[in-house]
Amino acid sequence: MKLDAKIPSGPVQQKWDKHRFELKLVNPANKRKFDVLVVGTGLAGSSAAASLAELGYNVTVLCIQDSPRRAHSIAAQGGINAAKNYPNDGDSVWRLFYDTVKGGDYRSREANVYRLAQVSNNIIDQCVAQGVPFAREYGGQLSNRSFGGAQVSRTFYARGQTGQQLLLGAYGALMRQVGAGKVRLLPRRELLDVVVVDGKARGAVCRNLVTGKVESYAAHAVLLCTGGYGNVFYLSTNAANSNVTATWRAHKKGAFFANPCYTQIHPTCIPVSGDHQSKLTLMSESLRNDGRVWVPKKGGDARSPDQIPDDERDYYLERRYPSFGNLVPRDVASRAAKAACDEGKGVGPSKLAVYLDFRDAIKRLGEQNVREKYGNLFDMYHHITDENPYKVPMRIYPAVHYTMGGLWVDYNLMTTVPGLFCLGEANFSDHGANRLGASALMQGLADGYFVIPATLGGYLASEKLGAVKAEDAAFKEAEARVDAEVKALLAVKGKRTPTEFHRELGLLVWNYCGMGRNEAGLKKALARIPELREEYKKNVNVTGDAGNFNQCLERAGRVGDYIEFAELMVRDALERKESCGGHFREEYQTPDGEAQRDDANFSHVAAWEYAGPGKPEVRNTEPLVFDDVHPSQRSYK
Amino acid sequence: MRGDCKFSTSIGKKQVVAVTGLLLCGFLVSHLAGNLLMLKSGQAFDHYAEFLEEHPLLIPAELGLAFVFLAHIFVGLRLAWQNRAARPERYEVTACAGGRTPGSSTMKYTGLFTLVFLMAHIYTFKIQHPEDTSLFAWVMGWFHYLSYTAFYVLAMLSLGLHLSHGVWSSFQTLGVNNPRYSPYIRFGGVAFAALMAVGFGMLPVWAHFLRGG
Amino acid sequence: MNLTLKIWRQKGPGQPGELKEYPVSGVSPDMSFLEMLDVLNESLIKKGEDAISFDHDCREGICGMCSLVIDGRAHGPDSGATTCQLHMRRYKDGDTIVVEPFRARAFPVVKDLVVDRSSFDRMIAAGGFVSVNTGAACEANSILVPRPAAETAMDAAACIGCGACVAACPNASAMLFLSAKVSQLALLPQGQVERGKRVLGMLKTHDQEGFGACTNERECEAVCPKEISIPNIARMNREYVRAISRA
Ligand SMILES: Cc1cc2nc3c(=O)[nH]c(=O)nc-3n(C[C@H](O)[C@H](O)[C@H](O)COP(=O)(O)OP(=O)(O)OC[C@H]3O[C@@H](n4cnc5c(N)ncnc54)[C@H](O)[C@@H]3O)c2cc1C
Ligand code: HEM
Ligand code: HEM
Ligand code: SF4
Ligand code: F3S
Ligand code: FES
């Protein structure tokens, strides 16, 4: 199938304005006649739902958590980018655009990224007006910091809780519309199927997580804002409820899945401490501004870190990347840590960790200053590990953090199923093969506040959509199918718990489709996953019943989808015979171990098409065109 | 918010309790000052009592005081009742996280005990007191009984407990809490409570034991 | 280490519940409290029993989803921390731990340790926001906020809406939660226009939802994982006086 990204013509700077002008508008009096179903209340979903309700649409919102405010976006710590150039350090919309395309290792769409950079400033205006308490200078102006290795200070932040504060802003806007009766809020609901009528998405079927009832919601358009799939790795920095279920089930209904192998590994996380571990905790990237990363030069060095003299330490980032040092981008830092551990130089009980040392920073700045800058992070570390990072170096290791892949969407954020839109981390659109720090929040809010209000109108105004009700046959069928699936899971009564399957799957993809990937490993994973899938169907043990609150059942459904999805992710990684951004194929690297892109053959988006149960998925491609930012080898030396 | 009574919200009710509570504290100060005249001499006290009785503003003042008392008691108890209803199912285990004090956790009991005290107090000292006898002698007569004296001392301790939380709490309820002053307010509240408990409590003790009544 | 847990089991809303005893063995001090419950649940599932339901999501102290009362204390013995931040090194071999749900009329039990906190959402819907439509905002730096005000607002804004304040309050009052939002917006210029309406609206919903009134017991601030403090409640009380005196 030919993918049409519907990118407007003309110079990149004018595309969005031009497009908005050309989009048809819905008559203000008619907006209330359109029902919009928004799934997910993270930054993308909350901002979209609020903005659409303000415009007058009839909005219904679903989320898994008990309150929209708890969506995974709440956990983002570092900040949000915008091209305000308040520090006068040379930033501009163009530079943010350029940095994002380059940071994505030339695997994103220029037009989307430019639009993102363009609206970034409006996002900050909007959030400030909502009362988001961003950090301030003494004069009362907004404060900025440099983040994730950017050469300019363009990151806005609210202590270590930027995601939380932005989400609370969007949640406030959403709740205002709930209070005004324009949004119907349905928490503790999990989408289990997208309903397509006459080729168009017309609603969804979900499970009421409290009563266990399968419920249908009809709409004129469905927006999936369901976040990323990082938990396919079992251990990640994502929240426990993050899942691929919504996007995966939409995929099975015809939405193409783009670049599933693009996953981001964050270099500074607290290492795994045992089998019981349920999640990994991120330590903000800002720590690398002052902390120095090292391992002992000698493998297996069992001395305590303070016993290891400087000349027996390998400050490998500073050594390998003299100009960026400890501030190299995430993918580079993560791989370097893995390389050090692979050489047997890892530290700590698991030997899967490297030191992040503040000794020199404390010497240079004084403990008080370090405490002021990083106090809460140090406390968090201390809390979890019971080690005092003022005294002993932190131990860190990379962990899965973000997924650039997602449902394929066109410039309007519409998937290959008409009427089904996808926003935020759940889509694939703006970050290419690697996302820059502080850009996910920006993208989620750009999609929700500024893009979808325009493009959804364009869709609704130009389509003829007949009346559809939740009582229609299409919904009843979907309900029956979902119900049967749920019952089937409960009926297996096997020997292994869903978590055991999830853990095995996670380890498998982490080992073979994690930081470093190679053909042999990927093939091994591809052989094992289908076995796991079959075993799952026969041997999973789900207790409790369907007509009740049942977290074991919730998890079971998600794990099943992860197993299916993992196969696609691995295949995508296998087919992309190049290294780019977060996708590092060991066969394709420069002599000094950096990612080697293959622009001649892989300068495209891989968009996978579901072909039916048991049939191999079809790989479609959308070529990427770079008119304004010319691909070059990323170098941080 | 038209049509809603400002005092019917949870904050509104609290503020009624706080304002009346502080007014009652004012009454306590003047009442204690008057009562301390007993220590000077019976005559001085009787003079003062007569002065009050003959004062033209006595009736309005008494009515006002009664109103304040009733408002405080009525609203305070309603609030306590509603607060109980806010947790229909109790915890199996409760532990104090460090915020509650003996005073704060017993407000309704110390308050009720004060109510019992007041009824007995007014009945014995005011209603039963014959018009033409010395009030001082009448009061001393009552403190002759050890049980009555003990009841008073207990009531004063209870009142002190009530005030140890009540005073600073009123300030907080009325919105006065500033990191700079609140330690002083808290301390001041407890000091005031102690002063009242000792000040009032001393009188029956003095009357029963020291005066050799 | 080996522990004995006494956990509240309740099949559904409005149904009777009871504390049930579960021994757990092989608990590592590095586990978080919730991971210890995971281990217990895995063993229950293996035995074919219904696992213990408890809310959780981020497991790093920010989403506000986890909500247990552990040995009578909301979020357990550590101050300034959520349940998910509690680690088993806090306990020793042989300990007995009682785990109950948050209890309040406005937080009905959904199942076992899970409660319904949607009353918090309804309070926010009644005014916990600045009314500004998307697109209507002015240039961000045209609103200046003095740094101290911004910092104090941020202190209040750190509330994660977990409801531990309600769980710990002897009156099941949600004043700390409410005051955190009212304070944040009262301190910022953006919140001025709707100042009065906000406190009155949110308070009305607070009372309707069945929360108790504050009698300044200060248990809430002692358990609040984000250390929201009661000067915020005093500020809200002032806001209330201001609002009614202008109404
Ligand atoms: C620890 C951490 C720190 C981060 N820090 C930063 C940072 O500093 N800067 C930055 O820019 N980015 C950061 N990120 C990334 C960023 O937070 C996320 O990418 C972004 O918040 C995703 O937002 P979202 O709206 O797309 O989805 P989410 O916030 O994940 O929301 C998903 C929503 O969908 C709902 N949902 C999911 N599945 C279903 C279903 N099946 N049925 C119904 N509802 C469903 C959920 O309930 C939820 O409401 C961080 C990420 C992590 C993990
Ligand atoms: C006569 C019987 C009394 C009863 C039944 C009573 C009851 C109560 C109750 C239930 C409260 C509410 C608890 C709270 O809000 O913290 C309260 C508070 C208070 N009471 Fe009393 N009380 C009585 C007498 C008094 C007296 C005699 C005084 C002082 C002279 C007093 C001073 C206060 C104060 C200052 C408060 C605190 C108000 C606040 O917290 O805002 N009370 N009382
Ligand atoms: C031991 C200490 C006390 C002594 C000796 C004492 C003494 C008296 C006396 C002699 C009277 C009668 C006055 C008259 O008839 O004109 C009186 C009245 C009264 N007392 Fe006390 N009192 C004491 C403590 C208290 C306390 C603690 C309270 C409040 C809680 C209180 C509240 C009152 C009230 C309300 C009246 C009635 C006032 C009036 O109607 O004018 N007294 N007291
Ligand atoms: S005030 Fe504290 S305890 Fe209450 S909801 Fe907010 S964070 Fe939780
Ligand atoms: S514990 Fe309760 S009484 Fe007030 S100070 Fe906190 S809300
Ligand atoms: S699980 Fe998110 S705060 Fe505990």
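The following paragraphs describe the interface between chain C and chain B, and then the surroundings of R117(C). This is a predicted model, in which local features need pLDDT of at least 70 and side-chain atom pairs count only at pLDDT 80 or more, while totals for chains, interfaces and linings use all residues. Residues are numbered from 1 along each chain as its sequence is written, and side-chain values use heavy atoms, with hydrogens and water left out.

Chain C places 50 residues in contact (heavy atoms within 4.5 Å) with 38 residues of chain B. The buried area, meaning the accessible area (1.4 Å probe) that two parts lose on being put together, summed over both, is about 3600 Å² here, and carbon and sulfur atoms give 53% of this. Two salt bridges (a side-chain nitrogen of Lys or Arg within 4 Å of a carboxyl oxygen of Asp or Glu) are found across the interface of chain C and chain B. One of these joins E89(B) to R103(C), with the closest N and O atoms 3.7 Å apart.

Turning to a single residue, R117(C) has a relative accessibility of 1% and therefore counts as buried, a class that means under 20% relative accessible area with a 1.4 Å probe and protein chains only. A polar atom of the R117(C) side chain lies 3.0 Å from the backbone oxygen of G64(C), and a polar atom of that side chain lies 2.7 Å from the backbone oxygen of M65(C). Leaving aside residues up to four places away in sequence, R117(C) touches residues including D55(C), F102(C) and C162(C), and also D66(A) and R70(A) of chain A.

Note on methods. Chains are lettered from A and ligands numbered from 1 in the order in which they are written. Buried means under 20% relative accessible area, exposed over 50%, partly exposed in between (1.4 Å probe, protein chains only). A polar contact is a pair of N or O atoms within 3.5 Å; within protein, one must be able to donate a hydrogen and the other to accept it, and residues adjacent in sequence count only if both atoms are side-chain atoms.
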